[in-house]
Amino acid sequence: MSTLLEVNDLSVYYGVIQALKGISFHVDKGEIVALIGANGAGKTTTLHTLSGLLEPKEGSVKYNGQELTKIAPHKIVKLGMAQVPEGRRVFAEMTVYQNLKLGAYTRHNATEFADTLNMVYSRFPRLKERQYQLAGTLSGGEQQMLAMGRALMSHPDIILMDEPSMGLSPIFVNEIFDIIKSVNQEGVTVLLVEQNAKKALAIANRAYVLETGSIVLEGNANDLLNNPSIQKAYLGE
């Protein structure tokens, strides 16, 4: 497998506080890689740095061999990286359709837009049913589907997902993880940040454990799922 995303010695500060302490990891093409850890471990900071929203003090982020740390976020989307942000961040006063159209702002081919929109609607039939409804009136689970659909509109090679199950009912949580799996099976690489470590490890190929800005453990997701110290710390067992 070829490496799609390579992070080396990444250090990020908020003022004098060091949020990431020289972390290194990689994501290979076609994988689901989970990044797990407690609140405040640095998971969201990692994703924001990868997508250009934060600038690291040190280290490199290479995507398809290209250095990203000085590239603007919208240009990173054009390169094939999309993010599903924590808390969904849908545009509440806009319709479902308008939210999806915004996701395709880097794409200018009308036929391609129509094809991608149909693909998203076939994956998320509820979004098609509610395409003219304001996004703010959707349920939490539907908003999460919209955030995922919006990311898919840019035709990404890799999606960074930040806490996709947060605040959802158990039935929606299962549905969202099924969707992540099927998106991956269709060829999209996934970097998944998730507090529900059990669910994340169940669908991931590999995983990294982040603690207070450092990666303390990495390995095959199934091995980590069965690791007693991980079970105790993150799986409530």
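A search of the whole structure turns up 1 aromatic pair, where Phe, Tyr and Trp rings (the six-membered ring for Trp) count as paired if their centres lie within 6.5 Å. The partners are phenylalanine 25 and tyrosine 208, and their pair is tilted, at 5.5 Å centre to centre with 55 degrees between the planes. Planes under 30 degrees apart would count as stacked, over 60 as edge-to-face, and the rest as tilted. Please keep in mind that this is a predicted model, in which local features need pLDDT of at least 70, side-chain atom pairs count only at pLDDT 80 or more, and totals for chains, interfaces and linings use all residues. Residues are numbered from 1 along each chain as its sequence is written, and side-chain values use heavy atoms, with hydrogens and water left out.

**Around the rings**

- Phenylalanine 25 belongs to strand S2 (residues 17-28) and tyrosine 208 to strand S9 (residues 206-211), so their pairing ties together parts that are 183 residues apart in sequence. Helices (H or I, at least four residues) and strands (E, at least two) are DSSP runs, numbered from the N terminus.
- Both partners are buried: phenylalanine 25 has a relative accessible area of 4%, and tyrosine 208 has 1%. Buried means under 20% relative accessible area, exposed means over 50%, and partly exposed is in between (1.4 Å probe, protein chains only).
- Another ring, that of tyrosine 13, has the charged end of lysine 57 sitting over it, 4.8 Å from the ring centre. This label requires NZ of Lys or CZ of Arg within 6 Å of the ring centre and within 35 degrees of the ring normal.

**Salt bridges**

- The structure holds 7 salt bridges, each being a side-chain nitrogen of Lys or Arg within 4 Å of a carboxyl oxygen of Asp or Glu.
- One of them joins the side chains of glutamate 175 and arginine 126, at 2.5 Å from N to O. Glutamate 175 lies in helix H7 (residues 170-185) and arginine 126 in helix H5 (residues 125-129), so this bridge ties together parts 49 residues apart in sequence.
- Glutamate 175 is partly exposed at 28% relative accessibility, and arginine 126 is also partly exposed, at 26%.
- Arginine 130 meets glutamate 129 in a salt bridge of 3.2 Å, N to O. Arginine 130 also bridges to glutamate 142, with the closest N and O atoms 3.2 Å apart.
- The pair of arginine 130 and glutamate 142 links distant parts of the chain, 12 residues apart: arginine 130 is in the loop between H5 and helix H6 (140-152), and glutamate 142 is in H6 itself.
- Through shared partners, the salt bridges join Glu129, Arg130 and Glu142 into one network.
- What is the relative accessibility of each member of that network? Glutamate 129 is exposed at 61%, arginine 130 is partly exposed at 22%, and glutamate 142 is buried at 8%.

**Helices**

- Helix H3 (residues 96-103) packs with H6 at an angle of about 35 degrees, their axes 7 Å apart. Axes are lines fitted to C-alpha atoms, for helices over the stretch in contact, and angles run from 0 to 180 degrees between N-to-C directions.
- H3 passes H6 in a right-handed crossing, meaning that the near helix is turned clockwise from the far one by less than a right angle, whereas anticlockwise would be left-handed.
- On the H3 side Val96, Asn99, Leu100 and Gly103 meet Leu146, Gly149 and Arg150 of H6, with contact meaning heavy atoms within 4.5 Å.
- Helix H1 (residues 43-50) has 6 of its 8 residues buried, so it is largely enclosed by the rest of the structure. Lys43, Thr45, Thr46, Leu47, Thr49 and Leu50 are the buried residues.

**Backbone points to check on screen**

- Most residues other than glycine have a negative phi.
- Aspartate 9 has a positive phi near 50 degrees and is placed in strand S1 (residues 3-14).
- Glutamate 163 also has a positive phi near 50 degrees. Glutamate 163 sits in the loop between strand S7 (158-162) and H7, and is buried with a relative accessible area of 3%.
- Glycine 52, just after H1, takes a positive phi of about 90 degrees.

**A long span**

- Isoleucine 17, in strand S2, is exposed with a relative accessible area of 57%.
- Isoleucine 17 and alanine 151 are 134 residues apart in sequence and 31 Å apart in space, C-alpha to C-alpha.
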